[in-house]
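Welcome! Here is a short briefing to help you find your way around a protein you have not met before. Take a look at the sequence and the model, then read on.

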Amino acid sequence: MRQLRKRAIAYGCLVVSAGLFACSRPEPKSAIVERAEQAGSGSLAAVSKDGMREWLGKHKQVAYQVDEMCKPVRQKATAQWSDSTEGRLCSAARELAFWRSGPVTSDHKTYLPGLK
């Protein structure tokens, strides 16, 4: 009887803990994440920001497109957004887009050494 009670308690604890740890709320669908996944990144749900940055570094056009898509979302983001898949992807894309260089333009002025 005593052994049966111990087993019942152990089984109950196992069921409760499995229920608590196995249940997680899935993230809502995101057009930004879908854009990167359609470009060939694969599923990004469990990928770290470093992994996203590495992949986006090899696909800079996708990074620039994702960064543009993220601009309006970033302004209204909540505190948890940066930990979401979309937030990590937007952060990685922003880091790469920051270093984007444009065409070099000149005003055609020249400067000579020396003081005047």
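A residue counts as exposed when its relative accessible area is over 50%, and as buried when that value is under 20%. H108, for example, has a relative accessible area of 72%, so H108 is exposed. Please keep in mind that this is a predicted model. With that in hand, let us begin with the overall picture and then visit individual places.

**The overall picture**

- The protein chain has five helices and zero strands.
- Read from the N terminus, the order of its elements is α-α-α-α-α.
- The chain has 116 residues, and buried residues make up 23% of them.
- About 9500 Å² of the protein chain is exposed, and 59% of that area is supplied by carbon and sulfur atoms.
- If you take the contacts between residues at least 6 apart in sequence, 68% of them join residues at least 24 apart.

**The disulfide**

- How many disulfides are there in this model? The count comes to one.
- The bond joins C70 to C90, with an S to S distance of 1.9 Å.
- C70 sits in helix α4 (residues 60–75) and C90 in helix α5 (residues 85–98), so to speak of the pair is to speak of a link between distant parts of the chain, 20 residues apart.
- The torsion about the S-S bond of C70 and C90 is about -75 degrees, which means that the disulfide is left-handed.
- Are the two cysteines buried or exposed? C70 has a relative accessible area of 0% and is therefore buried, and C90, also at 0% relative accessibility, counts as buried too.

**The nonpolar core**

- As general background, nonpolar side chains in soluble globular proteins tend to be buried together.
- The largest nonpolar core here holds 17 residues, and those that touch the most other members are I32, L44, L56, V66 and L89.
- Helices α2 (31–41), α3 (49–58), α4 and α5 are the elements that give two or more residues to this core.
- Which element gives the most to the core? That is α5, with five residues.
- V66 is a good residue to click on: leaving aside residues up to four places away in sequence, V66 touches I32, R35, L89 and A93.

**The two sides of helix α2**

- The buried residues in α2 are I32, V33, A36 and S41.
- These residues are on the same side of α2, because they cover an arc of only 95 degrees around the axis.
- A general point helps here: an α-helix has 3.6 residues a turn, so residues three or four places apart point the same way.
- The buried residues of α2 pack against α3, α4 and α5.
- On the other side of α2, you will find A31 and Q38 exposed.

**An aromatic pair**

- Searching the whole structure turns up one aromatic pair.
- The partners are F98 and W99, whose ring centres are 5.0 Å apart; their planes meet at 90 degrees, so the pair is edge-to-face.
- Both partners have their relative accessibility given as well: F98 is at 55% and therefore counts as exposed, while W99 is at 69% and also counts as exposed.

**Loops and the segment after the last helix**

- K29 is placed in the loop between α1 (2–22) and α2.
- With a relative accessible area of 77%, K29 is exposed.
- K29 and E86 are 57 residues apart along the chain, and their C-alpha atoms are separated by 9.3 Å.
- S43 belongs to the loop between α2 and α3, and its relative accessible area of 56% makes S43 exposed.
- From C-alpha to C-alpha, S43 and T85 are 10.0 Å apart in space, with their positions 42 residues apart in sequence counted as a separation.
- Back to H108 from the start of this briefing: this residue lies in the segment after α5.
- Most residues other than glycine have a negative phi.
- H108 is not a glycine, yet its phi is positive, at about 65 degrees.

Key: Residues are numbered from 1 along each chain as its sequence is written. This is a predicted model: local features need pLDDT of at least 70, side-chain atom pairs count only at pLDDT 80 or more; totals for chains, interfaces and linings use all residues. Side-chain values use heavy atoms; hydrogens and water are left out. Helices (H or I, at least four residues) and strands (E, at least two) are DSSP runs, numbered from the N terminus. Buried means under 20% relative accessible area, exposed over 50%, partly exposed in between (1.4 Å probe, protein chains only). Contact means heavy atoms within 4.5 Å. Accessible areas come from the Shrake-Rupley method with a 1.4 Å probe; for residues, only the protein chains shown count as cover. A disulfide is a pair of cysteine sulfur atoms within 2.5 Å. A nonpolar core is a set of buried Ala, Val, Leu, Ile, Met, Phe, Trp, Tyr and Cys residues joined through side-chain atoms within 4.5 Å. Rings of Phe, Tyr and Trp (its six-membered ring) pair if their centres lie within 6.5 Å; planes under 30 degrees apart count as stacked, over 60 as edge-to-face and the rest as tilted. The arc is that of the directions from the helix axis to the C-beta atoms.
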